[in-house]
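Student: I've got the model open and I'd like to go through the terms people use for it. Can we take them one by one?

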Amino acid sequence: MTDVMLTIDGREVQAREGSTILDACRRMSIDTPTLCQLDNLTPVNVCRVCVVELEGSRVLVPACSRKVEAGMKIATDSERVRHSRRLVLELLASSVDMSLTSPQVHGWMERYGAAPSRFGAVATVAQPPKIDNELYVRDYSRCILCYKCVEACGVDAQNTFAIAVAGRGFDAHISTEFDVQLPDSACVYCGNCIGVCPTGALMFKSEHDMRAAGTWDESRQTVTETVCPYCGVGCVLELHVQDNSIVRVSSPLDNSVTAGHLCVKGRFGFQFVQRRRT
Amino acid sequence: MDIRTTGGPATAEEMAAVDGLLGEPQPVHHHLAFGGRIARAQRHMLLPVLHAIQDRMGWVSRGALEYACRRLSIPPAEAYGVVSFYARFTLEPGAGVTVHACDDIACMLAGASVEEGARRVPCLGLCDRAPATLVERVGTTHEETPTPPREPPRPQGQLLRRVGLVDPLSIDSYRRHGGFVALHRAREIGPEAVIREVTEARLLGRGGAAFPTGRKWESVAKEPALPHYLVCNADESEPGTFKDRVLMENDPFGLVEAMAIAAFTTGCEKAFVYVRAEYPLARARIERAVAEARAQGVIDLDIEVRRGAGAYICGEETALFNSIEGRRGEPRNKPPFPVQFGLFGKPTLVNNVETLVNVLDIVNGDFANTRLFCVSGQVMSPGVYEVPMGTPLRDLIDRAGGLYPGRTLQAVLLGGAAGSFVTPAQLDVPLSFEGVRGIGATLGSGAVIVFDDTADMKQVLLRIARFFRDESCGQCVPCRVGTKRQEEILERMLHSRDARADVILLGDIAQAMRDASICGLGQTAANAIASGLAQLEVLND
């Protein structure tokens with residue numbers, strides 16, 4: 001591996017050949033918005049919120065997937081970059097319920113001055129949530145179509161291929177075959193799609209029910225790291241606990257065993273812990 | 001991969017449609033012995049299989065799709081994503097006969113009305129016969145009948161010199177009209193000399209992007225990775241464009257010969273022609289020409305004709321590759337470019353039909369640098385016209401018989417839906433790449449749609465906005481949501497008294513689509529509308 005020299009926002013930087021512009025930006029502590037990018041998934045570069053201006057390129061380029069090249073001159077905060085980032089956030093927020101995205105996303109919307117309401121009364125993807133099993137809920141009115149769940153269900157983690165993008169254009173959506181309910185699909189309930197979803201479109205049923213009842217309160221939750229008790233792989237679990245009950249299970253993205261991915265047992269098989277004698 | 005199918009069995013007829021294409025299924029022990037590898041390697045047969053089902057049954061049922069999935073080892077959710085992407089495939093039972101009725105710009109100007117029960121479709125590429133329909137009859141004998149031409153095709157210029165003279169069904173007739181002379185000469189002088197001649201002729205791609213053809217050929221020829229693929233892009237879907245159809249229908253051996261030269265020159269072992277679904281006659285004639293040329297030993301190149309399935313985006317080269325591979329026609333991010341990483345991840349030469357046909361003249365030494373234009377809309381004789389580069393637009397319109405008596409010109413749309421409007425004052429613009437750039441336009445795919453004073457330009461702009469909203473693949477946010485918002489806001493502002501705020505909004509969306517979309521569709525989806533709003537008097541204030 002050799003290093004290449006490039007210029008980002010007027011500063012010369014060294015970057016590993018084969019790494020991306022986003023990697024270089026992060027090394028320089030340039031906060032770059034991302035929605036469809038995740039370190040444990042193949043970049044799909046579809047959300048376009050990470051675009052940067054590359055000298056000599058007619059269009060902006062996605063930082064998440066564009067590899068660094070020697071001599072590149074990149075601007076991450078030019079007028080064009082700010083405009084496209086603002087519009088991407090505005091277009092998304094005008095069509096999707098983004099209220100449950102991370103505070104970071106709301107911070108970017110503020111930074112770029114995104115005002116989704118300026119489009120007026122326009123079409124959205126609003127629809128009732130799909131509740132067809134006891135483990136997790138799919139609320140596609142929150143779906144920004146980042147492809148992450150499809151990747152996690154497919155070759156990037158689970159190799160189950162229970163869901164894919166169907167339809168096209170504004171009507172494109174995540175779907176099982178012929179939109180059948182999850183129990184009739186190939187889903188194995190590993191929950192890796194929940195683990196990668198950035199908008200709360202995919203959510204533990206426990207979390208969904210508590211939110212509906214108004215009892216979900218992250219400020220009262222603690223996270224306990226432990227090792228899954230089931231098989232011998234040794235997956236690291238993060239137990240999210242509220243009021244002495246496990247409400248959600250995740251795994252750290254940077255964990256060498258799981259890379260953030262679990263199976264149905266580690267993800268959902270925690271009820272035995274809280275079966276209390278009465 | 002565990003393929004779970006819960007939709008119930010396919011009918012005998014559905015299975016026959018699939019097996020008719022793939023052959024009888026292998027016994028289970030064969031699948032076990034080879035681990036499904038053979039089935040998975042046939043992934044690229046998904047679209048042909050879906051066509052076989054659609055042609056026979058008139059729709060794709062869940063049972064039929066799942067049977068296809070088992071035969072090809074494709075997860076049903078993924079296959080559903082593919083079948084629901086392409087407009088040609090239907091997921092509900094339909095009638096035995098479907099009328100595909102075009103209501104795109106040229107047909108709209110000709111007063112097209114989509115009858116109840118007919119399927120509204122974007123441009124059928126029959127603009128010279130507007131208003132056009134394609135009548136499809138499904139069953140064991142699948143038939144597609146387009147609106148017939150008004151006049152027989154006539155030869156003209158250089159590229160179209162054989163059109164109407166040569167018998168498109170006869171290789172001997174093609175030979176008598178100078179066929180295969182270029183191929184023989186190419187074999188004599190060798191690949192390097194051919195590339196040099198193509199480069200020196202300064203041929204630019206005729207599909208719309210105008211990339212230097214010689215440079216592309218040289219890059220593919222030099223790529224060390226093997227095999228190389230040749231793909232002829234015959235997915236001519238830009239509204240108002242039908243030149244490649246005229247070439248393929250009337251001079252199919254010309255394209256086959258040109259492809260043989262391209263493949264020989266760039267070291268391609270296998271070639272594909274991706275013909276849009278709306279061109280059944282062109283497809284049949286190319287298939288027949290390939291079979292005949294191979295049977296007679298004139299070419300040894302393996303050329304497979306693939307059929308699009310109703311998706312404008314598949315004219316984008318990387319979306320086209322995905323489509324051939326049996327996937328949703330979603331464009332890939334570039335780089336890597338097709339010359340390095342194209343079809344099946346291999347170095348790929350992709351050229352438009354007209355571009356390839358030009359090579360024959362280059363190799364024969366009689367390259368005239370003419371260009372095909374598709375003149376449609378409100379002119380006396382719509383059709384394909386071959387004129388020298390640099391011909392004034394005014395002369396081209398005159399060639400097409402001029403306007404109807406008593407009408408005056410309102411505008412010309414140059415380059416189709418992704419192009420821009422030209423005003424009567426700009427009519428002397430020379431039709432060359434540099435000439436039109438001077439007025440901020442492009443030649444694009446050679447579509448020239450003429451509007452006289454009776455045309456309702458608001459409706460034209462709305463039709464263009466609807467076209468892009470319909471045809472966006474939905475992959476990237478700027479285009480997926482941007483084309484939707486563009487249509488909504490345009491509709492609103494054309495009926496409002498004060499549109500100033502909406503003009504700004506549309507401009508903002510346009511810039512983001514141009515700058516941040518993955519592919520050319522999104523990058524150009526606002527062009528015609530922005531140019532229309534600037535050049536035409538469509539706003540109320």
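Student: Let's start where the two chains meet. How many residues does each chain put into the contact?

Tutor: Keep in mind that this is a predicted model. Chain A gives 41 residues to the contact and chain B gives 40. On the chain A side, α2 (79-95) and β7 (164-166) each supply at least two residues. The largest share of that side, eight residues, comes from α2(A).

Student: What kinds of residue make up the side of chain A that touches chain B?

Tutor: By class, there are 24 nonpolar, eleven polar and six charged residues.

Student: Staying in chain A, what makes you say that β10(A) lies largely in the open?

Tutor: To count as buried, a residue needs 20 or more other C-beta atoms within 10 Å of its own. Strand β10 (residues 221-227) of chain A has seven residues and the number buried is zero, so the strand lies largely in the open. It does have a partner, though: seven bridges join β10(A) to strand β11 (residues 236-242) of chain A, and the two run antiparallel. One of the pairs is A:Thr224 with A:Leu239 in β11(A).

Student: And why is A:Val273 called partly exposed?

Tutor: Exposed means 12 or fewer neighbours and buried means 20 or more, with partly exposed in between. A:Val273 has 13 C-beta neighbours inside 10 Å, so it counts as partly exposed. You'll find A:Val273 in the segment after α7 (264-268) of chain A.

Student: Over to chain B. Is B:His44 buried, exposed or partly exposed, and how do you know?

Tutor: Same reasoning. B:His44 has 18 other C-beta atoms within 10 Å, which makes it partly exposed. B:His44 sits in the loop between α3 (37-40) and α4 (46-57) of chain B. Leaving out residues up to four places away in sequence, B:His44 touches B:Ile324, B:Glu325 and B:Gly326.

Student: How do you know that the buried residues of α10(B) line one face of the helix?

Tutor: First, who they are: in helix α10 (residues 191-200) of chain B, the residues B:Val194, B:Ile195, B:Glu197 and B:Val198 are buried. Looking down the axis of α10(B), the buried residues fall within an arc of 160°, so they line one face. A bit of background helps: an α-helix has 3.6 residues a turn, so residues three or four places apart point the same way. On the other side of α10(B), B:Glu192 and B:Glu200 are exposed.

Student: What do the buried residues of α10(B) pack against?

Tutor: They pack against α9, α11 (213-222), α13 and α16 (353-364) of chain B.

Student: Why are α9(B) and α13(B) called roughly parallel?

Tutor: Helix α9 (residues 181-189) and helix α13 (residues 252-266) of chain B pack at an angle of about 10°, with their axes 9 Å apart. The cut-off for roughly parallel is under 35 degrees, and α9(B) and α13(B) therefore earn the name. Among the residues making the contact are B:Ala182 and B:Leu183 of α9(B) and B:Ile261 and B:Phe264 of α13(B). The residues of this contact divide into six nonpolar, one polar and two charged.

Student: Then what makes α12(B) oblique to α16(B)?

Tutor: The axes of helix α12 (residues 243-250) of chain B and α16(B) come within 9 Å and cross at roughly 55°. Roughly parallel needs under 35 degrees and roughly perpendicular starts at 65, so α12(B) is oblique to α16(B). B:Lys243, B:Asp244, B:Leu247 and B:Met248 of α12(B) meet B:Val353, B:Glu354 and B:Val357 of α16(B). Here the split is four nonpolar, no polar and three charged.

Student: Last one. Why do β7(B) and β8(B) count as edge strands?

Tutor: Four strands of chain B form an open sheet in the order β7-β6-β5-β8, with parallel pairing. β7 (302-307) and β8 (348-352) each have a single partner strand, so one side of each is left without a neighbour in the sheet. Neighbouring strands are turned by 20° against each other on average, direction ignored. α13(B) packs on this sheet, touching β5, β6, β7 and β8 of chain B.

Note on methods. Residues numbered from 1 in each chain as written. Chains lettered and ligands numbered in written order. Predicted model: local features only at pLDDT ≥ 70, side-chain atom pairs only at ≥ 80, totals over all residues. Axes fitted to C-alpha atoms, helices over the stretch in contact; angles between N-to-C directions. Parallel < 35°, antiparallel > 145°, perpendicular 65-115°, else oblique. Contact = placed C-beta atoms within 7 Å. Nonpolar A, V, L, I, M, F, W, Y, C, P; charged D, E, K, R; others polar. Arc of directions from axis to C-beta. Pairing = 2+ DSSP bridges.
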